[in-house]
Amino acid sequence: MSQQTTSRVIMVRPAAFGYNVETAANNTFQHVPQSGQDEVKAQAILEFDRLVATLRDAGVDVLLVEDTNTPVKPDAVFPNNWFSLHEDGTVVTYPMYSALRRQERREDLVDQLSREFIIHQRLSLEIREIHEQFLEGTGSMVLDRANKIAYACISPRTDAEVLKQWCDMMGYQPFTFHATYHGQEIYHTNVMMAIGDGVAVICLEVIEPGLRQKTREHLMSFGREVVELRLDQIDAFAGNMLAVRSKTGEQLMVMSRTAHESLDKNQKASIERHARILSSDVHTIETIGGGSVRCMIAENFLQKL
């Protein structure tokens, strides 16, 4: 059985973090900055470095990649959308909704990984951009890696046909639904749910009513405790958490400080039965970028050479 969590992650230190008008078209979590670009960038880098330090202090192996100055990439801090790395040695690159974001794909990073890890195959789905069909990595999909299930809310950034292609290639089963928030389709599944060993966190209220109970039962069928989030906690990025491991094997549930503070004591207790909560303040990145801690972390399941 494949591992659900890993102690190796990859993070991209931003060179030009900022507000992306293209992604704001369907990301209701983005807000126009109230301060200058230099101040926004400096604060984002501070938040990024603090999260890296928090992860490393907890025993997580963080590969730190520097963003390139050109081309300018305001969302480079969210690498999990353009690539994913899998235990069987597969590297997948994805079709992205925003033309600006397509510039984040970096062959030099794939080459760097190939010198240290075993890569058996490379799957490139970006050709789908020609047909305006998108699947933004582990933003669009929340993966149950252990049981080979890809949970996905269909949206302008998560195309059902591309999802099926991915599942066919990777040996996964898709579990799809529609989810809306603030009257708009939720753009990424990972803002409303997360899966770890023994636990799943999800906001069922945003899912179409006829599939809420089915989704809950499906998650429970694999032996996971389901922690339900309230609607207001989605605004606090409580759905955008990620389960990782320390080098000693401790499961950690990583989230933003905003998300952590939004959880009630019962929700915290449920999560802490399975993982230690680790949080860090990424308020600027959340507010202006519209993504939180989970979006900032790309998991590395590749095996060492």
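This is a guided tour of selected sheets, aromatic pairs and salt bridges in a predicted model.

**Stop 1: a three-stranded sheet**

Begin by selecting strands S3 (83–85), S4 (90–93) and S5 (121–124). They form an open sheet in the order S3-S4-S5, and the pairing is mixed. S3 and S5 are the edge strands, each of which pairs on one side only. On average, neighbouring strands of this sheet are turned by 15° against each other, direction ignored. Next, show S4 and S5 alone: the two strands pair in the parallel sense over four bridges. Select Val92, and Leu123 in S5 will be found opposite. In a regular strand, side chains alternate between the two faces of the sheet.

**Stop 2: Glu129 and its surroundings**

Proceed to Glu129, in the loop between S5 and helix H5 (137–140). Is Glu129 buried or exposed? Glu129 counts as buried because its relative accessibility is 13%, below the 20% cut-off. Display its side chain together with that of Arg105; the two make a polar contact of 2.7 Å. Leaving aside residues up to four places away in sequence, Glu129 touches Tyr94, Pro95, Met96, Arg102, Arg105 and Phe134. Now add Glu126 to the selection: salt bridges that share partners join Arg102, Arg105, Glu126 and Glu129 into one network.

**Stop 3: aromatic pairs**

A pair of aromatic rings is described by the distance of the centres and the angle of the planes. The count for this structure is five aromatic pairs. One of them is formed by Tyr97 and Phe134, whose rings meet edge-to-face at 5.7 Å centre to centre, with 85° between the planes. This pair links distant parts of the chain, 37 residues apart: Tyr97 lies in the loop between S4 and helix H3 (99–102), and Phe134 in the loop between S5 and H5. Tyr97 is partly exposed, with a relative accessible area of 26%, whereas Phe134 is buried at 6%.

Select Phe175 and Phe177 next. These residues form an edge-to-face pair, 6.4 Å centre to centre and with 65° between the planes. Phe175 is buried, with a relative accessible area of 8%, and Phe177 is also buried, at 1%. Add Tyr151 to see one aromatic cluster of Tyr151, Phe175 and Phe177.

**Stop 4: a hairpin**

Move to strands S14 (residues 242–245) and S15 (residues 251–256), which run antiparallel and are joined by four bridges. Val244 stands opposite Leu252 in S15. The two strands form a hairpin with five residues between them. In the turn, select Gly249, which has a positive phi of about 100°.

**Stop 5: salt bridges**

Side chains of opposite charge can pair when their charged atoms come close. How many salt bridges does a search of the whole structure find? The search finds 22. Select Lys304 and Glu116, whose closest N and O atoms are 2.5 Å apart. Lys304 lies in the segment after strand S17 (298–299) and Glu116 in the loop between helix H4 (107–114) and S5, so this salt bridge ties together parts that are 188 residues apart in sequence. Lys304 is partly exposed, with a relative accessible area of 40%, and Glu116 is partly exposed at 35%.

Asp264 and Arg230 form another salt bridge, with the closest N and O atoms 3.7 Å apart. Finally, select Glu299 and Arg294, whose side chains meet in a salt bridge of 2.5 Å, N to O. Both of these residues are buried.

Note on methods: Residues are numbered from 1 along each chain as its sequence is written. This is a predicted model: local features need pLDDT of at least 70, side-chain atom pairs count only at pLDDT 80 or more; totals for chains, interfaces and linings use all residues. Side-chain values use heavy atoms; hydrogens and water are left out. Buried means under 20% relative accessible area, exposed over 50%, partly exposed in between (1.4 Å probe, protein chains only). A polar contact is a pair of N or O atoms within 3.5 Å; within protein, one must be able to donate a hydrogen and the other to accept it, and residues adjacent in sequence count only if both atoms are side-chain atoms. Contact means heavy atoms within 4.5 Å. Rings of Phe, Tyr and Trp (its six-membered ring) pair if their centres lie within 6.5 Å; planes under 30 degrees apart count as stacked, over 60 as edge-to-face and the rest as tilted. Two strands pair if DSSP finds at least two bridges between them. Axes are lines fitted to C-alpha atoms, for helices over the stretch in contact, and angles run from 0 to 180 degrees between N-to-C directions. A salt bridge is a side-chain nitrogen of Lys or Arg within 4 Å of a carboxyl oxygen of Asp or Glu.
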